[in-house]
Amino acid sequence: MLGMLVRFPRLNTSSAWILCAIGFVMADLITGASLARNMALNGGNLAAIGAAHRLLRAVSQRDRRLKGQNSTFHILKAILAGSFVAGLFGIVANPLLFGGTSGEGFLFWTVTELVNYVTFLPLLLTLPEARAWTFSAMRDRLDQFSAGSALPLIALVASVAASIAIGGPGAGLFPLPALLWCGLAYNLFSTACISFIFAIWTIFAGRMGILWSGADFASRADLISIRLGVSLVAFTPIVLGSMAAARDELLQRLRMLADRDAMTGLYSRRAFIEAGTDALRKAARRGEPTAVMMLDIDHFKSVNDRYGHKGGDQVLTVFASILQGAVRSKDVVGRIGGEEFAVVLPDCCSINAASVAERINRTLRSTVATLENGEAVQVTVSIGIYVEHMDSTLEKPLMYADEALYRAKNIGRDRFEIWTQAPAPSQHRGFAVHQ
């Protein structure tokens with residue numbers, strides 16, 4: 001419940017709390033718990049959730065997703081607060097309901113909540129957005145997978161097998177180096193899943209006598225010690241993964257500053273070549289066609305001459321926004337010159353590329369850019385398109401798309417042309433002509 005409230009803040013409503021409380025009570029009633037035990041257990045659960053949630057609400061979204069430098073500190077602080085509140089309920093409930101001492105009740109309830117939070121909470125906090133579960137997103141992740149990517153997981157499985165074969169009190173720590181490797185090698189959600197499975201498996205294996213003898217679970221203190229130790233071992237790679245994620249995000253920001261055109265936010269020429277080539281190669285491996293576009297704003301020099309470079313910059317910004325809105329999220333868009341732009345559209349045939357180009361022409365034709373001084377500017381764009389099936393570099397596609405672009409400019413502008421490999425009767429190369 002805590003994980004869902006933090007991960008999806010819109011669920012934090014009075015009705016959600018009431019429904020969850022009813023669900024807790026009904027679950028215990030079905031399993032045969034007495035009303036007094038039901039109220040004590042669930043009262044402690046809800047109070048602990050409330051205390052932890054109050055602290056987590058105050059931290060940033062990045063920290064709640066375990067992607068900040070101090071994320072694990074904030075998460076652990078909230079976990080300890082919630083566990084402590086649960087322990088306070090145990091001081092009263094344990095003597096009255098279970099015949100134990102107040103000290104035992106505080107320790108057992110505190111540790112039980114701590115173990116539950118440490119085991120389950122990272123899994124929910126790092127749950128990816130819905131778009132990460134789409135078919136195309138999952139296919140892209142599979143494309144990036146290699147044999148080397150599986151090595152940390154193989155090492156973890158091997159160390160778990162060694163812990164079973166050797167046994168003994170230290171067996172539960174054998175997988176720790178492999179877990180740390182997983183924390184560095186995989187994303188946060190994958191690491192949280194691996195840690196969760198490891199914790200559940202280790203506790204289960206211990207209870208079944210696979211790792212330890214039954215005597216190791218003879219007392220409640222032994223049970224608490226083992227569960228707490230396993231949970232904290234499982235949390236260690238998450239701490240490391242969180243620090244790595246914060247570092248990677250910082251590096252990504254720095255790279256974005258270097259890779260993005262400061263004015264339009266599109267890829268710079270160098271970054272566009274890199275990203276576009278990568279997209280082209282992936283499409284070639286899948287046998288999919290890729291369309292490459294070259295775009296040049298018509299008569300842009302006259303815009304600069306009449307309205308100044310500041311006015312020209314505003315026109316470029318408007319056009320960049322139109323261009324981004326006309327393509328898909330997986331398409332690669334860059335500004336490669338003053339008023340020159342380029343797009344790589346993976347898994348796009350000539351017909352679909354023509355549809356995109358027509359949409360860009362039509363939208364820009366009907367758009368008026370209003371400058372800061374109130375003047376209205378209307379421009380058009382010429383587009384050249386080349387469609388390639390098996391190329392692994394952008395050099396040839398960009399060259400042919402550029403030829404198609406200049407053909408569009410020479411025969412009237414405000415249009416697109418598609419380069420074709422079939423030679424025209426009166427020229428070396430053929431062009432499909434469109435307006």
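This short talk goes through a helix pair, a pocket and one serine in the structure above.

This is a predicted model, in which local features need pLDDT of at least 70 and side-chain atom pairs count only at pLDDT 80 or more, while totals for chains, interfaces and linings use all residues. Residues are numbered from 1 along each chain as its sequence is written, and side-chain values use heavy atoms, with hydrogens and water left out.

Let me begin with the helices, which are DSSP runs of H or I with at least four residues, numbered from the N terminus. Helix 2, residues 14-30, packs against helix 3, residues 35-57, at an angle of about 145 degrees with the axes 10 Å apart; here axes are lines fitted to C-alpha atoms over the stretch in contact, and angles run from 0 to 180 degrees between N-to-C directions. Residues in contact have heavy atoms within 4.5 Å, and among those that meet are Trp17 and Phe24 in helix 2 and Leu46 and Ile49 in helix 3.

Ile49 also appears at the second largest pocket, where Ile49 is one of the lining residues nearest the centre, together with Met1, Leu2, Asn116 and Tyr117. The lining counts 13 residues, and its largest share, six residues, comes from helix 6, which spans 102-125. Helix 1 and helix 3 also give two or more residues each.

Finally, is serine 163, in helix 8 (residues 151-166), buried or exposed? Serine 163 is buried, with a relative accessible area of 3%, where buried means under 20% and exposed over 50%, with a 1.4 Å probe and protein chains only. Leaving aside residues up to four places away in sequence, serine 163 touches Ala171, Phe174 and Leu211.

Technical notes:
1 Å grid on protein atoms, 1.4 Å probe; cavity = no way out; pocket = protein on both sides within 12 Å on 5 of 7 lines; lining within 4 Å.
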